Amino acid sequence: MGSLAVVDCPTGLAGNMLLASLFDCGLPEEVVHQPLAALGLGGLYRLTLEERRSAGMRGLHLEVELLEQQPPHRHWASLREQVQTAELAPALRQAVLKVFGVLAEAEGAVHGYPPEQVHFHEVGALDALVDVVGVCAGLQYFGVQRLICSPPPAGHGQVNSAHGLLPVPVPAVLELATCHGVPLASSAGFPPAELTTPTGLALMVAWADSFAPAPALRPTRLGIGLGSRELDRPNQLRFLLAESADSVGVQPELQMVVQQQAQIDDATAEDLAFLQDALREAGAFEVFAQSVAMKKGRLGSLITALAWPEQAEALRAIWWRYGSSLGVREQLQQRWALPRQVEQRQTPWGLVRFKSSMRPDGSVLCKPELEDLIPLAQQRRLPLDQLRSNLLQWLEAQR
């Protein structure tokens, strides 16, 4: 299977539509039932899969039937412990915790209390647990390493909830979109309805590398999940497995990143280096410093950190803990980035990781990781530039 997946959601995002599209793509039901049984949920639900048509277009519809007579009121803290202690594959456990983590943070912000106190019915009841575990298990079954999701329409109007009538987009969806920089497509022309659910959006926040149009690709498999609501158009979500179309190159992706900055003129160079290292360890994928002239002629440093939006809060804690600035500027920014991958190869000089990316014109950028080069250069008593050149020549000869 190809490692690239595309989720096309012109009529919105919902957990059951995502899971239905995976089943339509060929996902065996046992892949979903096994981890749910490990969580102690076997026999508490039933999956009803049915091929239907929406506005004349076929697809698979999924209904999760709950068999619990009196579902318990779990908090996110207890659910998290349940997932952490279950016999799940480590990668699946991490993915499920990430999805429910971002969902609990959004629900907690909406209701004004810590995520640990979010009630299970607010995080998503048993059907949402089935959707989240099922989708995460399915994406890993298909070997998805990179996922692109189209901007979903959230809907408009009102919806009934446990808290009464809520405006659409519902508060948790708006919180997720705001905190994670998710672009929402226009809902103009749709009848009043909730098109994107918190569970569906949380799944894509956790899995999607970007919310943007799909790049050039070579489709390998297609699955279509249908929603329950009748619209004036096919109410469908399309899940596409694909391979990058090498012949036309790879197109840059539009990504949302958070930029945090502070100007500091009362710290030593060692203190600044310590702060930058701490920001990197906390999740920033880029940290750099620039010299600036500040008031009263003092020289200072402008420290900039770039990270994914979901890491913003953790980075703020680092600024306050290790930095001397009394303020940190923060803004969401768009960036265009070429997809990249890291591959580990056994070379004549030793084990080396290579980071590679393809330009839109089809040419390839590739470089060995410095952390792997240093010990090999020391062992072989070679200059870094010579070892790097030798490795790239060897890699080119292998193609």
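This passage describes selected local features of a predicted model.

Helix packing is taken up here through one pair. Two packed helices are described by the angle between their axes and the distance between the axes. Helix H4 spans residues 90-111, and helix H8 spans residues 198-207. Their axes lie 9 Å apart and meet at an angle of about 125 degrees. That angle makes H4 oblique to H8, because it falls outside the ranges for roughly parallel (under 35 degrees), roughly perpendicular (65 to 115) and roughly antiparallel (over 145). The crossing of the two helices is right-handed.

On the H4 side, the contact is formed by Ala95, Lys98, Val99, Val102, Leu103 and Glu107. H8 contributes Pro198, Thr199, Ala202, Leu203, Val205, Ala206 and Trp207. By class, ten residues of this contact are nonpolar, one is polar and two are charged. The charged ones are Lys98 and Glu107 of H4. The polar one is Thr199 of H8.

H8 itself is mostly covered. Ten of its ten residues are buried. Among them are Gly200, Leu201 and Met204. Pro198 and Trp207 are also buried, and both take part in the contact with H4.

The cysteines were examined next. A disulfide is a covalent bond between the sulfur atoms of two cysteines. The search of the whole structure finds zero disulfides. Cys25 is in no disulfide, and the nearest cysteine sulfur, in Cys149, is 15 Å away. Cys25 is buried, at a relative accessible area of 3%. For Cys179, the closest cysteine sulfur is again that of Cys149. The separation is 18 Å, so the two are too far apart for a bond, the cut-off being 2.5 Å. Cys179 has a relative accessibility of 36% and therefore counts as partly exposed.

Several loops carry backbone features of note. Most residues other than glycine have a negative phi, and most peptide bonds are trans. A cis peptide bond joins Val168 and Pro169, with omega at about 5 degrees. Pro169 sits in the loop between strand E6 (164-168) and helix H7 (171-180).

Two residues other than glycine have a positive phi. For Ala55, phi is near 55 degrees. Ala55 belongs to the loop between strand E2 (45-54) and strand E3 (57-66). Its relative accessibility is 51%, so Ala55 counts as exposed, the threshold being over 50%. For Arg381, phi is about 55 degrees. The loop of Arg381 runs between helix H11 (370-380) and helix H12 (384-398). Arg381 is exposed as well, with a relative accessibility of 75%.

A further loop position is Ala267. Ala267 lies between strand E11 (253-264) and helix H9 (269-281). With a relative accessible area of 30%, Ala267 is partly exposed. Beyond its neighbours within four places in sequence, Ala267 is in contact with Leu272 and Ser324. Ser325 is 58 residues from Ala267 along the chain, yet the C-alpha atoms of the two are separated by 9.4 Å.

Key. Residues numbered from 1 in each chain as written. Predicted model: local features only at pLDDT ≥ 70, side-chain atom pairs only at ≥ 80, totals over all residues. Heavy atoms only, no water. Helix = DSSP H or I, 4+ residues; strand = E, 2+ residues; numbered from the N terminus. Buried < 20%, exposed > 50% of the residue type's maximum accessible area, 1.4 Å probe, protein only. Contact = heavy atoms within 4.5 Å. Axes fitted to C-alpha atoms, helices over the stretch in contact; angles between N-to-C directions. Left-handed = near helix turned anticlockwise from the far one by under 90°.
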